[in-house]
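User: I would like to learn how to read a protein model one feature at a time. Could we go through one together?

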Amino acid sequence: MTDDDKPDRPGHMQTEVNQRKPKGRLGRDVQSKIGQQLRSMYDNVVSEGVPDRFSEMLRQLDQQQAQPDQKDKEVN
Amino acid sequence: MPLDTTLRDQMLSAVPSLRAFAISLSGNVDRADDLVQETLLRAIANIESFQPGTNMSAWLFTILRNLFRSEYRKRRREVEDTDGSYAESLKSQPEQGSHLEFKEFRTALAKLPPDQREALILVGASGFSYEEAAAICECAVGTIKSRVNRARNRLADLLAIEGAEDFGPDHATRAILAAGGGRG
């Protein structure tokens, strides 16, 4: 027990109070486990990289923008 | 105006993280990929409003978040019952190999209010600072901090309630076993 845990009122029954989990605060252990789960779930998707769909889309947009004249010629 | 190669490369390198964010928000891989695609198209159409030298990733996250938000509001108007609609979309989505592992965690994440969910993901997984997350969500830094705290508390409650008493290293393994019919 640390000094911080000393009850404000001496003589007050403290056993029960000290056993109770502090309200609204998580143990560091629980926090870090939630963090781990969250990150591994997220990184799992990140590790899939860039699906072809997106690189292909940007490549096609590039081509369209790079060769607007050619497109006109094809129409004519 | 042709898209600058550097900008295009910056966009592409943000895609994996954008997908992870979108999947975490929507709970659905297909919808998430549509969101990412629309985000990229919007970004390209509005590339003049991107300030070179600033964080491309944060800019794209902002666009994606706004798209998701407006879609969410639209669906909210269209569908009367919204509570649990996100959870329902999780249930109906086909199990996909690597995504199965985190089913229990995703289900808990799905029960968080959207504000708290996005704040937690941005700070806890995407690696944005509180300040960056606040800019993406267009709110105060203090608001992000309190949302992240509430999200963590709620997740701890949910995961404990749902039978993860020994929430620990074996958690993911047990989730797989349970989903696979409990072999062994």
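**Reading a two-chain model**

Analyst: Start with a single residue: A:S47 is exposed, because its relative accessible area is 58% and exposed means over 50%. Keep in mind that this is a predicted model.

User: Where in chain A is A:S47 placed?

Analyst: A:S47 is in the loop between α2 (28-46) and α3 (52-66) of chain A. The side chain of A:S47 reaches the backbone oxygen of A:N44 at 2.8 Å. Sequence and space can also be compared: A:S47 and A:Q31 are 16 residues apart in sequence, and their C-alpha atoms are 24 Å apart in space.

User: Now the other chain. How many helices and strands does chain B have?

Analyst: Chain B has 10 helices and zero strands. Along the sequence the pattern reads α-α-α-α-α-α-α-α-α-α. Chain B has 184 residues, and 48% of them are buried. Of the contacts in chain B between residues at least 6 apart in sequence, 66% join residues at least 24 apart.

User: How do I read one helix by its sides?

Analyst: The general idea is that an α-helix has 3.6 residues a turn, so residues three or four places apart point the same way. Take helix α8 of chain B, residues 130-137, where the buried residues are B:A133, B:A134, B:I136 and B:C137. These lie on the same side of α8(B), because they cover an arc of only 160° around the axis.

User: Which exposed residues does the face of α8(B) turned away from its buried side carry?

Analyst: That face carries B:E131 and B:A135. Just after α8(B), B:E138 takes a positive phi of about 50°.

User: What should I look for with charged side chains?

Analyst: Side chains of opposite charge can pair when their charged atoms come close. In the whole structure, a search over all chains finds 13 salt bridges. One of them joins A:E48 and B:R19, with the closest N and O atoms 3.1 Å apart. This pair crosses between chains, from the loop between α2 and α3 of chain A to helix α1 of chain B.

User: Are the two partners, A:E48 and B:R19, buried or exposed?

Analyst: A:E48 is partly exposed, with a relative accessible area of 35%. B:R19 counts as buried, because its relative accessibility is 4% and the cut-off for buried is under 20%.

User: Which salt bridge lies inside one chain and ties together parts that are 46 residues apart in sequence?

Analyst: That is the pair B:R69 and B:D115, with the closest N and O atoms 2.6 Å apart. B:R69 lies in helix α3 (residues 56-78) of chain B and B:D115 in helix α7 of chain B, so the pair ties together parts 46 residues apart in sequence. B:R69 counts as buried at 18% relative accessibility, whereas B:D115 counts as partly exposed at 29%. Both belong to a network of salt bridges that links B:R65, B:R69, B:D115, B:E118 and B:R147.

User: What about a charged residue such as B:R31, which is found in helix α2 of chain B?

Analyst: B:R31 is buried, with a relative accessible area of 17%. Not counting residues up to four places away in sequence, B:R31 touches B:S26, B:F68, B:E71 and B:R75.

User: Last feature: how many residues of each chain are in contact with the other chain?

Analyst: 40 residues of chain B are in contact with 28 residues of chain A. The two chains bury about 3300 Å² between them, 68% of it on carbon and sulfur atoms. Three salt bridges are found across this interface. In one salt bridge, the side chains of B:R8 and A:D62 meet at 2.2 Å, N to O. B:R8 also forms a salt bridge with B:D9, the closest N and O atoms being 3.7 Å apart, and B:D9 is partly exposed, with a relative accessible area of 40%. Between the two chains, the count is seven residue pairs in polar contact.

User: Which helix supplies the largest share of the side of chain B that touches chain A?

Analyst: The largest share, 10 residues, comes from α1(B). The residues of that side divide into 24 nonpolar, 10 polar and six charged.

Note on methods. Residues are numbered from 1 along each chain as its sequence is written. Chains are lettered from A and ligands numbered from 1 in the order in which they are written. This is a predicted model: local features need pLDDT of at least 70, side-chain atom pairs count only at pLDDT 80 or more; totals for chains, interfaces and linings use all residues. Side-chain values use heavy atoms; hydrogens and water are left out. Contact means heavy atoms within 4.5 Å. Buried area is the accessible area (1.4 Å probe) that two parts lose on being put together, summed over both. A salt bridge is a side-chain nitrogen of Lys or Arg within 4 Å of a carboxyl oxygen of Asp or Glu. A polar contact is a pair of N or O atoms within 3.5 Å; within protein, one must be able to donate a hydrogen and the other to accept it, and residues adjacent in sequence count only if both atoms are side-chain atoms. Helices (H or I, at least four residues) and strands (E, at least two) are DSSP runs, numbered from the N terminus. Ala, Val, Leu, Ile, Met, Phe, Trp, Tyr, Cys and Pro count as nonpolar, Asp, Glu, Lys and Arg as charged, and the others, Gly among them, as polar. Buried means under 20% relative accessible area, exposed over 50%, partly exposed in between (1.4 Å probe, protein chains only). The arc is that of the directions from the helix axis to the C-beta atoms.
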